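Me: Please take a close look at one part of this protein, the open sheet, and go through it strand by strand. Then set it among the parts around it.

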Amino acid sequence: MILFEFEHENATSAEEAVTRLHEIETETRFLAGGTDLIPNMRIGIAKPAHLVGLGRILREPMTVDGEGWLKVDALTRLAEIEHSDLVTSAAPLLAASAHTVAGNQIRQRATLGGNLCQETRCLYLNQKHDFQFVEPCYKRGGDCCYPFPKNKKEVCWSVYMSDIAPALMAAGAEVTVLGAGGPVRMSIDHLFSGDGLRPLTLNLGEMIRYVHVPPMGKDSAWGYHKSTVRGGLEFGMAVMALTFRLDADRESCKDARIAIGAVNEGPVRLSKTEAAMQGQRLNKKSLTELAEMASAEVNPLPHHGFSKPHLRDNIRVYLRRAMEAALARAQQA
Ligand SMILES: Cc1cc2nc3c(=O)[nH]c(=O)nc-3n(C[C@H](O)[C@H](O)[C@H](O)COP(=O)(O)OP(=O)(O)OC[C@H]3O[C@@H](n4cnc5c(N)ncnc54)[C@H](O)[C@@H]3O)c2cc1C
Ligand code: SF4
């Protein structure tokens, strides 16, 4: 598939890139690793007239501050994150989730910021327009939604498939967003709108500059699972990430965070299940009940041929296993 013509320039600093996005009058996008944007341009989902490349901006090394927060430049490649001893010890959920993205070749190019800002997906959307049935759908500026024809106008149920976003949510991460008014730090939860047409809350020209991950205490546990059909180089069917803290008895749960990805327009927190975990003695029986509660709380969109009941079942089984693994790891530590 041949790309259409567009202008391209490279920025040498994050500030310059943000300024250029405001200066250029035609539709302009940041280009990081290009592993999401370029394929989307090829099939006509994205049609920028101008790209501002981020690849020449000097990437800052990853650091852990005095309070144990890991700071990662959003331009850092996923391969670097997955293999970093610093990330593995300070933010194991981030390392584990980065490892599951696509295949090694893609992870060598793909960046953390690009992963969080990736476009949502849907079987109907992710093909060249020539192969679509008749009309462009809402997401392509058209007036229909073939997979979900009964949806209200302009409601898009495309699915956000970042493997890393749910992990960062469960870890309680924050992001620094650089815009025309300077940097703003916020919880990663605020990055997602829950709207399939416009899944991120970022405004034009705002760039994710850093990701900050809080320390995992000695009493903390983490679990992660990405369900796929073949188990390699594949977008997720469902992604599950969780953290919890154990009380002094090493069995009771002080608090928990659970995030589910790849089944909705954005990653979602399971607040009812999180609340039910608080104060609960964690063992095989209670984890089975909590996973059942989670699978009832989550409301997955059917996507890529997977039905809602199938996705619920998948989450019930694999979330329980991820919780059990997390508990075992924490109790052995
Ligand atoms: C074959 C294949 C398999 C894949 N499998 C997976 C998978 O299993 N899991 C998964 O999560 N993803 C997967 N992806 C999607 C994609 O490769 C990754 O999400 C990747 O991390 C995107 O990063 P990038 O740097 O290449 O982003 P780009 O393609 O450069 O950018 C993506 C979008 O983010 C914007 N952007 C980039 N950086 C920033 C920033 N710092 N701030 C604001 N906006 C920014 C761009 O303007 C663009 O709109 C796959 C892609 C392919 C082609
Ligand atoms: S769910 Fe969204 S992307 Fe998919 S066809 Fe409907 S409008 Fe288009």
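Reply: What follows takes the sheet from one edge to the other and then turns to its surroundings. The model is a predicted one.

The sheet is open and has 5 strands, in the order E4-E5-E8-E6-E7, with antiparallel pairing. Strand E4 (63–64) and strand E7 (182–187) are the edge strands; each has a single partner strand, so one side of each has no neighbour in the sheet. In general, strands of a sheet pair through backbone hydrogen bonds, in a parallel or an antiparallel way.

Start at the E4 edge. E4 runs antiparallel to E5 and is joined to E5 by 2 bridges. One pair can be named here: Val 64 has Leu 70 as its bridge partner in E5. E4 and E5 make a hairpin, with 5 residues between the two strands. In that turn Gly 68 has a positive phi of about 90 degrees.

The next step inward is from strand E5 (residues 70–73) to strand E8 (residues 207–213), an antiparallel pair held by 4 bridges. Leu 70, already met as the partner of Val 64, has Val 213 as its bridge partner in E8. Asp 73 in turn is bridged to Tyr 210 of E8.

On the other side of E8 comes E6. E6 and E8 run antiparallel and are joined by 5 bridges. Glu 174 has His 212 as its bridge partner in E8.

The last step leads to the E7 edge. E6 and E7 are paired over 6 bridges in the antiparallel sense, and Val 175 has Met 186 as its bridge partner in E7. These two strands also make a hairpin, with 2 residues between them.

Now the surroundings of the sheet. Helix H1 (residues 14–23) lies across strand E6 (174–179) and E8. The direction of H1 is at about 140 degrees to that of E8. The domain assignment divides the protein into domain 1 (1–54), domain 2 (63–117 + 159–213) and domain 3 (220–332).

E8 also has a part in the surroundings of ligand 1. At least two residues of the shell around ligand 1 come from E8, and the same holds for each of strand E2 (28–31), helix H2 (37–42), helix H6 (104–109) and helix H7 (112–116). There are 29 residues around ligand 1, and Gly 33, Gly 113, Gly 114, Asn 115 and Cys 117 come nearest. By class, 16 residues of this shell are nonpolar, 9 polar and 4 charged. Domain 1 and domain 2 each give at least three residues to the shell.

Ligand 2 has 14 residues around it, of which Cys 122, Leu 125, Cys 137, Cys 145 and Cys 156 come nearest. The shell around ligand 2 consists of 11 nonpolar, 2 polar and 1 charged residues.

Finally, a helix pair outside the sheet. Helix H10 (residues 284–297) packs with helix H11 (residues 308–332) at an angle of about 145 degrees, and their axes are 8 Å apart. The two helices cross in the right-handed sense. The residues of this contact comprise 7 nonpolar, 2 polar and 5 charged. Among those in H10 are Leu 287, Leu 290 and Ala 291, and among those in H11 are Ile 315, Leu 319 and Met 323. As for the spacing of the domains, the C-alpha centres of domain 1 and domain 3 lie 36 Å apart.

Methods
Residues are numbered from 1 along each chain as its sequence is written. Chains are lettered from A and ligands numbered from 1 in the order in which they are written. This is a predicted model: local features need pLDDT of at least 70, side-chain atom pairs count only at pLDDT 80 or more; totals for chains, interfaces and linings use all residues. A residue is near a molecule or strand if its C-beta atom, placed from the backbone, lies within 6 Å of it. Ala, Val, Leu, Ile, Met, Phe, Trp, Tyr, Cys and Pro count as nonpolar, Asp, Glu, Lys and Arg as charged, and the others, Gly among them, as polar. Axes are lines fitted to C-alpha atoms, for helices over the stretch in contact, and angles run from 0 to 180 degrees between N-to-C directions. A crossing is left-handed if the near helix is turned anticlockwise from the far one by less than a right angle, and right-handed if clockwise. Two residues are in contact if their C-beta atoms, placed from the backbone, lie within 7 Å. Two strands pair if DSSP finds at least two bridges between them. Domain bounds come from an automatic or database domain assignment.
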